[in-house]
2 protein chains.
Amino acid sequence: MNDNSHIIKYVNQYIELTKEEEDYFSSLITNKSIKKRQYIIQPDFVAKNRSFVLDGAFRGYLMCTEGKEHTIAIAIENWWITDYNSYIFQQPATLFIEAIENSKIAQLSYDNEQKLLDKFPKFEKLFRILSQQSLASTQRRIMSNLSDSAEIRYEKFIRDYPKVVNRLPQYIIASYLGFTTEYLSKIRKKRVEA
Amino acid sequence: MNDNSHIIKYVNQYIELTKEEEDYFSSLITNKSIKKRQYIIQPDFVAKNRSFVLDGAFRGYLMCTEGKEHTIAIAIENWWITDYNSYIFQQPATLFIEAIENSKIAQLSYDNEQKLLDKFPKFEKLFRILSQQSLASTQRRIMSNLSDSAEIRYEKFIRDYPKVVNRLPQYIIASYLGFTTEYLSKIRKKRVEA
DNA sequence: AAAAGAACTTGAACTAGTTCAAGATTTAGG
DNA sequence: CCTAAATCTTGAACTAGTTCAAGTTCTTTT
């Protein structure tokens, strides 16, 4: 049965909801189970949803012309994930968004989000805060990419996301940090030796 | 006299304001003239304001330990600029934000923003939309940084910001794109020859 | 219009990180 | 428990982009 108490509790950290608001929000949410390696968003299709991870892990990646994968976003429990360029402007996606583990998500569709915002403008605040926080962390990521060496970016990643490091295969971490899996292998070897 | 019609018109593109809302918003905005090379935000001080560029150009940059500058953000007319990590969480800044030209800005302080949002929650929507759009473009920037060569990043920059290219000194463009001014010089030479 | 300061260019030597290829290890599924 | 698939490792050759240093050009100020 779909009891949305987990995501409702999460939302209540940002805005206090009345019972009516909770119920309406709940009615707009769709719960899904996603198997490992399954995609929830693919290039050329419009990202219809933003997804809140209840359990499991996802990544968003770009497949470049030479066939290399570049991980743009990762998400574990209590993170949202989507192709924002696609979702916000309702244009075709460029990212693949793939489950890295068997996962459970709560999805909010673009149309339902509009309904929600129209009916209860209080939710504007939720999405304002969420996107401001994402913006701040994305800006920190750009800073690190521009000014830190591969080794330091990896150190910071371990420090900032200790829970994520051991759950993700290393080729995903490497492609998130902007270098190759071979190079990360060398960095790790060096760390162990030191 | 401070006539805020320009920024008010800008805001009205996103949310329709009543006269009362316009006046209140207007009362919370401070207009300033900033000379070229003057700073509006410096590391270790909390970013008290977000600034809307009425006229001129700014950049936000990081000074790394080896003394190199990394441009994180640029802004011309009708763009907002601040150190978001500092502003949103009201913690010490890490960026310098510097006027690249003699400029005019309209500033909204963090405290005034809270007042504004409390009194007229309609403004939640404005800041939600603005930060979502910034988030989308920041995500595009990360994609390009991870998957494109220096040359292609420069081509895309020219294509996406044609008005900016000729206004900024090339060392700023290079540091925004993540390479050296010497290398950009070589890229430009190659383009002219081709 | 001279002088000083910013910004840009050029080339040669260098290095952080890539590429490729082959083997070793771990994980998942039936 | 066995097999196939996925992931990780290692080393040698390579390259995109850096560094440094010196000279040139453009801008600003007086």
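**Reading a protein–DNA model: axis, helix face, DNA surface**

Modeller: Of the residues of chain A, A:Arg128 comes closest to the rotation axis, with its C-alpha at 1.9 Å. Bear in mind that this is a predicted model.

Colleague: What turn and what shift lay chain A on chain B?

Modeller: The general idea is that two copies of a chain are related by a rotation about an axis and a shift along it. Here a turn of 180° with a shift of 0.0 Å along the axis lays chain A on chain B, and the RMSD is 0.0 Å. That is the relation of a two-fold axis.

Colleague: Through what surface do the copies meet?

Modeller: Compare the interface residues of one chain with those of the other. Of the interface residues of chain A, 97% are also interface residues in chain B, so the copies meet through the same surface.

Colleague: Now a helix. Which residues of α1 in chain A are buried?

Modeller: An α-helix has 3.6 residues a turn, so residues three or four places apart point the same way. Helix α1 of chain A covers residues 5-12, and A:Ile7, A:Ile8, A:Tyr10 and A:Val11 are buried in it. Looking down the axis of α1(A), these buried residues fall within an arc of 155°, so they line one face of the helix.

Colleague: What covers the buried residues of α1(A)?

Modeller: The cover includes the chain A helices α2 (19-28) and α5 (122-147). It also includes the chain A strands β1 (29-34), β3 (49-55), β6 (80-81) and β8 (103-109).

Colleague: Take strand β8 of chain A, then. Is A:Ser103 buried or exposed?

Modeller: Relative accessible area settles that; a residue under 20% counts as buried. A:Ser103, which is in strand β8 of chain A, has a relative accessible area of 3%, so A:Ser103 is buried. Leaving out residues up to four places away in sequence, A:Ser103 touches A:Lys32, A:Ser33, A:Ile34, A:Asp55, A:Gly56, A:Ala57 and A:Phe58. A polar atom of the A:Ser103 side chain also lies 3.2 Å from the backbone nitrogen of A:Ala57.

Colleague: And in chain B, what does B:Lys104 touch?

Modeller: B:Lys104 lies in strand β8 of chain B, residues 103-109. B:Lys104 counts as partly exposed, at 46% relative accessibility. Not counting residues up to four places away in sequence, B:Lys104 touches B:Lys32, B:Ser33, B:Phe52, B:Val53, B:Leu54 and B:Asp55. B:Asp55 is 49 residues from B:Lys104 along the chain, yet their C-alpha atoms are separated by 5.0 Å.

Colleague: Which side chain does B:Asn31 join by a polar contact?

Modeller: The side chain of B:Asn4, at 2.9 Å. B:Asn31 is found in strand β1 of chain B, residues 29-34, and counts as partly exposed at 24% relative accessibility.

Colleague: On to the DNA. Which residues come nearest to strand D?

Modeller: Start with the list of residues around the strand, then ask what part of the DNA they meet. There are 19 residues around DNA strand D, and A:Gln170, A:Ser185, A:Lys189, B:Lys68 and B:Tyr183 come nearest. Of the strand D atoms within 4 Å of the protein, 73% belong to sugar or phosphate, and the rest belong to bases.

Colleague: Which side chains have polar atoms by phosphate oxygens of DNA strand D?

Modeller: Among them is A:Ser185, with a polar side-chain atom 2.9 Å from a phosphate oxygen of strand D. For A:Tyr171, the distance from a side-chain N or O atom to a phosphate oxygen is 3.1 Å. B:Tyr183 also has a polar side-chain atom 3.1 Å from a phosphate oxygen of the strand. The elements giving two or more residues to this surface are α8 (170-177) and α9 (181-193) of chain A, with α6 (150-160) and α9 (181-193) of chain B. α9(A) gives the most, four residues. By type, the surface near strand D divides into five nonpolar, five polar and nine charged residues.

Colleague: Which residues come nearest to DNA strand C?

Modeller: Of the 19 residues around DNA strand C, the nearest are A:Lys68, A:Ala150, B:Gln170, B:Ser185 and B:Lys189. Sugar and phosphate make up 73% of the strand C atoms that come within 4 Å of the protein. A polar side-chain atom of B:Ser185 is 2.8 Å from a phosphate oxygen of strand C, and the value for A:Lys36 is 3.2 Å. The largest share of the surface near strand C comes from α9(B), with four residues.

Notes
Residues are numbered from 1 along each chain as its sequence is written. Chains are lettered from A and ligands numbered from 1 in the order in which they are written. This is a predicted model: local features need pLDDT of at least 70, side-chain atom pairs count only at pLDDT 80 or more; totals for chains, interfaces and linings use all residues. Side-chain values use heavy atoms; hydrogens and water are left out. A residue is near a molecule or strand if one of its heavy atoms lies within 4 Å of it. A polar contact is a pair of N or O atoms within 3.5 Å; within protein, one must be able to donate a hydrogen and the other to accept it, and residues adjacent in sequence count only if both atoms are side-chain atoms. Ala, Val, Leu, Ile, Met, Phe, Trp, Tyr, Cys and Pro count as nonpolar, Asp, Glu, Lys and Arg as charged, and the others, Gly among them, as polar. Buried means under 20% relative accessible area, exposed over 50%, partly exposed in between (1.4 Å probe, protein chains only). The arc is that of the directions from the helix axis to the C-beta atoms. Contact means heavy atoms within 4.5 Å. Copies are superposed by least squares on the C-alpha atoms of residues with pLDDT of at least 70 in both.
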